[in-house]
Amino acid sequence: MVHYGDSYEAGWENISLEYHDLPSGETPQLCFDHYAIAIHLGESLQLDWQIEGVAKGQVQRQILRRGGMTLVPMQHSHWGAWTGRMQGIALNLKSDLLTGHAVEMLEGNPVELLPQEPRSDPLILQIGLALKADLESQRPGGRLYAETLATALAAHLLRNYAAHAPTPLCPGGGLSPQDLKRVTDYINDQIHQELRLEKLAAIAQLSPYHFCRCFKQSTGLTPHQYVIRQRVDRAKELIKTGKLSLAEVAVACGFTHQSHLNRHFKRLTGVTPKNFSQP
């Protein structure tokens, strides 16, 4: 496997992504100190697998199709062998990613994800592909984007694969007007910096999971979507002054590259920054 992109250099916390492209083969008997999700992105192949806690630990055989995923909890022994080219991504999740959300979702019950036979899970596939695409395009979403996806993944795993059923969330509104103003003021003041989901959630005194839900209820946008819109609006203001180059505008608005500014600017306005600057 190789680190893709690289998720370690991107500064992601509690989650990393690796890419693998392997010929027919097999793994040794493995046992991780983290949760692991493998997503197959190649052609269908025959897979022999063995996971402690599934099918009484006996070796199983099945056809693994594109998009199929395998979830292996930490401290569970597992083994696999395959015939055909194995292409895909592996998501490695530290326990901290899940335990923070479990306090609220599982009412204090310990986190215990159940090992799963290889299966299809469209949401996990979608999140994995989104993280992969972000790394391949030099991380235009920044940490906030990756952290939002990691939070969604953690909530999905606890909701669907935990030994303890999650507590239903009480229906409620979004952020209070005061909390929303504090968060949006902070975003606007720090728009040129890399913003962190944990910091935004702390301002509202919520967990990242509940903050994401409440923020979207209040604004109709995820925190990442809102930040991108604010950055594009700030870019419009700076471009109109004519004092900065487009590369300088991109940095001043928190975009990592001018190409990232161009991409989001055109997506939201329909024109490129260069065309927008012309009278």
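Is Asp185 buried, partly exposed or exposed? Asp185 has a relative accessibility of 32%, so it counts as partly exposed. Keep in mind that this is a predicted model. Every value below is computed from it.

Stay with Asp185 for a moment. Its partner is Lys181, and the two form a salt bridge. Their closest N and O atoms are 2.7 Å apart. Both residues sit in helix α4. They are 4 residues apart, about one turn of the helix. Lys181 has a relative accessibility of 52%, so it counts as exposed. The cut-off matters here: exposed means over 50%.

The structure holds 8 salt bridges. Another one joins the side chains of Glu13 and Arg196, at 3.5 Å from N to O. This pair links distant parts of the chain, 183 residues apart. Glu13 is in the loop between β1 and β2. Arg196 is in the loop between α4 and α5. How exposed are the two partners? Glu13 is partly exposed, at 43% relative accessibility. Arg196 is partly exposed too, with a relative accessible area of 21%. The bridge also belongs to a network: salt bridges that share partners join Glu13, Glu147 and Arg196.

A further salt bridge connects Arg61 with Asp48. The closest N and O atoms are 2.7 Å apart. Here two strands are linked: Arg61 lies in β6 (residues 60-64), and Asp48 lies in β5 (residues 45-51). The two residues are 13 apart in the chain. Arg61 is exposed, with a relative accessible area of 60%. Asp48 is buried, at 14%.

Now turn to the nonpolar side chains. In soluble globular proteins, nonpolar side chains tend to be buried together. The largest nonpolar core in this model has 30 residues. Those with the most contacts inside it are Ile37, Leu93, Leu113, Leu131, Leu153 and Leu157. Several elements each supply at least two residues, among them the strands β2, β4, β7 and β9. Helices α1, α2 and α3 do so as well. Which element gives the largest share of this core? Helix α3 does, with 8 residues.

Take Leu131 as an example from this core. Set aside its neighbours within four places in sequence. Leu131 is then in contact with Trp12, Ile15, Leu17, Leu91, Ala146 and Leu149. Beyond this core there is a second, separate one of 18 residues. It includes Leu144, Leu197, Phe215 and Tyr226.

Two of those names lead to the aromatic rings. A pair of aromatic rings is described by the distance of the centres and the angle of the planes. The structure holds 3 aromatic pairs. Phe215 and Tyr226 form one of them, with 5.4 Å from centre to centre and 80° between the planes. The pair is edge-to-face. Phe215 is in helix α6 (residues 208-219), while Tyr226 is in helix α7 (residues 223-241). The pair links distant parts of the chain, 11 residues apart. Both rings belong to buried residues. Phe211 joins Phe215 and Tyr226 in one aromatic cluster.

Why is the pair of Phe265 and Phe276 edge-to-face? The ring centres are 5.4 Å apart and the planes stand at 70°, so the pair is edge-to-face. The angle cut-off for this class is over 60 degrees. Phe265 lies in helix α9 and Phe276 in helix α10, so the pair ties together parts that are 11 residues apart in sequence. Phe265 is buried, with a relative accessible area of 0%. Phe276 is partly exposed, at 27%.

Finish with the loops. His76 lies in the loop between β7 and β8. A polar atom of the His76 side chain lies 3.2 Å from the backbone oxygen of Met74. Leaving aside neighbours within four places in sequence, His76 is in contact with Leu30, Cys31, Glu52 and Pro115. Gln75 lies in the loop between β7 and β8 as well. Its phi is near 65°, a positive value in a residue other than glycine. Lys56 also has a positive phi, near 55°. Lys56 is found in the loop between β5 and β6. It is exposed, with a relative accessible area of 81%.

Technical notes:
Residues are numbered from 1 along each chain as its sequence is written. Side-chain values use heavy atoms; hydrogens and water are left out. Rings of Phe, Tyr and Trp (its six-membered ring) pair if their centres lie within 6.5 Å; planes under 30 degrees apart count as stacked, over 60 as edge-to-face and the rest as tilted. Buried means under 20% relative accessible area, exposed over 50%, partly exposed in between (1.4 Å probe, protein chains only). A salt bridge is a side-chain nitrogen of Lys or Arg within 4 Å of a carboxyl oxygen of Asp or Glu. A nonpolar core is a set of buried Ala, Val, Leu, Ile, Met, Phe, Trp, Tyr and Cys residues joined through side-chain atoms within 4.5 Å. Contact means heavy atoms within 4.5 Å. A polar contact is a pair of N or O atoms within 3.5 Å; within protein, one must be able to donate a hydrogen and the other to accept it, and residues adjacent in sequence count only if both atoms are side-chain atoms.
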